[in-house]
Amino acid sequence: MKFASKRNYILLIIAALMVLLPLILLILWSVSTEWMYPAIFPKALAAKIYKQMLAEPNFWPAVINSFVIAFATTMVSIVVALPAARYFAFQKNMSQRFVEVLVYLPLILPAIAIITSSQVLFLQLRLTGTFLGIILIHTYFCLPYAMQILLESYRQLGEGYSLTAQSLGAKPWSVFWQITWPLLRPGIITSATMVFIVSFSQYLPTFFIGGGKIVTLPLLLLPYANNGRFGLASSYSLLFLGCTILGVFILKTVIGGIQRGTKR
């Protein structure tokens, strides 16, 4: 028993180091002004990289655009996934394996092929370079995550509660709002946060469909990382991490704060 406890403690320390070490390196890179091989630690520290990041003309537009697109994509994905997941969870005509293939199809197909073909269609519909176009393409790639989580949530919930309420005369909207929503809330929160994170980190769909007119944080981050400007890339990575945590916190607060009907 003591050996198992000690082993778990060691594994926990190793896992914590694996998480913290990249974060520590990002922090050091973001404040280092001189860090050359073979030095283990930076020779000089300063905050000028953060000042340079804040002085970027597209900094605040990128932050705002990223939040707007990610929140809008999350809302659209959840609104679409909730009724679709309920139908696929309880339907009897298709096998569950076939349903899973349908759900994961957008992720199975090559992303670059989907994006380039969508760009042609979006050009014809005049959606290229618009927020609506980016939100639609993000929803396409984020919907499978929301669908899979909500599918499992509906399967675990079952139809018993809703059928009982309907047999007692409850309206469909009342059943959803008073029974299904409270019991499904953990799954909704999980799917919403997953969609937000995936949408917030999208690069290629935003780059192609945005047409360079709408800038987000990934569009600012990747060029610095590819060009070897590790200081700015690290500072943007830390900002990206902070914005993602903030967005997840907001979603959990908003969705978790809607208290209606049944409580588990």
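Which backbone oxygen does the side chain of serine 191 reach? In this predicted model, the side chain of serine 191 comes to 2.9 Å from the backbone oxygen of isoleucine 188. Serine 191 belongs to helix α8, which covers residues 172–200. Its relative accessible area is 0%, so serine 191 counts as buried, the cut-off for that word being under 20%. Leaving out residues up to four places away in sequence, serine 191 touches Ile78, Ala146, Ile149 and Leu150.

From this one residue we can step back to the whole chain. The protein chain has 264 residues, and 39% of them count as buried. It contains 11 helices and two strands. Read from the N terminus, the order of elements is one helix, then the two strands, then the remaining helices. The C-alpha trace spans about 75 × 65 × 35 Å along its principal axes. Among contacts with a separation of 6 or more, 74% join residues that are 24 or more positions apart.

The surface and the charges can be described in the same way. About 15,500 Å² of the protein chain is exposed, and carbon and sulfur atoms supply 70% of that area. The chain carries 19 positive and 5 negative charges, and the mean positions of the two sets are 7 Å apart.

Leucine 26 gives an example of residues that are far apart in sequence but meet in space. Leucine 26 sits in helix α1, made of residues 2–31. Serine 234 is 208 residues away from leucine 26 in sequence, yet their C-alpha atoms are 5.0 Å apart. Apart from neighbours within four places in sequence, leucine 26 is in contact with Ser234, Ser237 and Leu238. Leucine 26 is called partly exposed because its relative accessible area is 26%, which lies between the limits of 20% for buried and 50% for exposed.

The last topic is the cysteines. A disulfide is a covalent bond between the sulfur atoms of two cysteines. Here a pair of sulfur atoms has to lie within 2.5 Å to be counted, and the count comes to zero disulfides. Cysteine 142 is in no disulfide, and the nearest cysteine sulfur to it, in cysteine 243, is 17 Å away. Why does cysteine 243 not form a bond with cysteine 142? The sulfur of cysteine 243 has its closest cysteine sulfur in cysteine 142, and because the distance is 17 Å, the two are too far apart for a bond. Cysteine 142 counts as buried because its relative accessibility is 0%. Cysteine 243, at 8% relative accessibility, also counts as buried.

Terms used. Residues are numbered from 1 along each chain as its sequence is written. This is a predicted model: local features need pLDDT of at least 70, side-chain atom pairs count only at pLDDT 80 or more; totals for chains, interfaces and linings use all residues. Side-chain values use heavy atoms; hydrogens and water are left out. Helices (H or I, at least four residues) and strands (E, at least two) are DSSP runs, numbered from the N terminus. Buried means under 20% relative accessible area, exposed over 50%, partly exposed in between (1.4 Å probe, protein chains only). Contact means heavy atoms within 4.5 Å. Accessible areas come from the Shrake-Rupley method with a 1.4 Å probe; for residues, only the protein chains shown count as cover. Lys and Arg count as positive and Asp and Glu as negative; His and the chain ends are not counted. The place of a charge is taken as NZ of Lys, CZ of Arg, CG of Asp or CD of Glu. A polar contact is a pair of N or O atoms within 3.5 Å; within protein, one must be able to donate a hydrogen and the other to accept it, and residues adjacent in sequence count only if both atoms are side-chain atoms.
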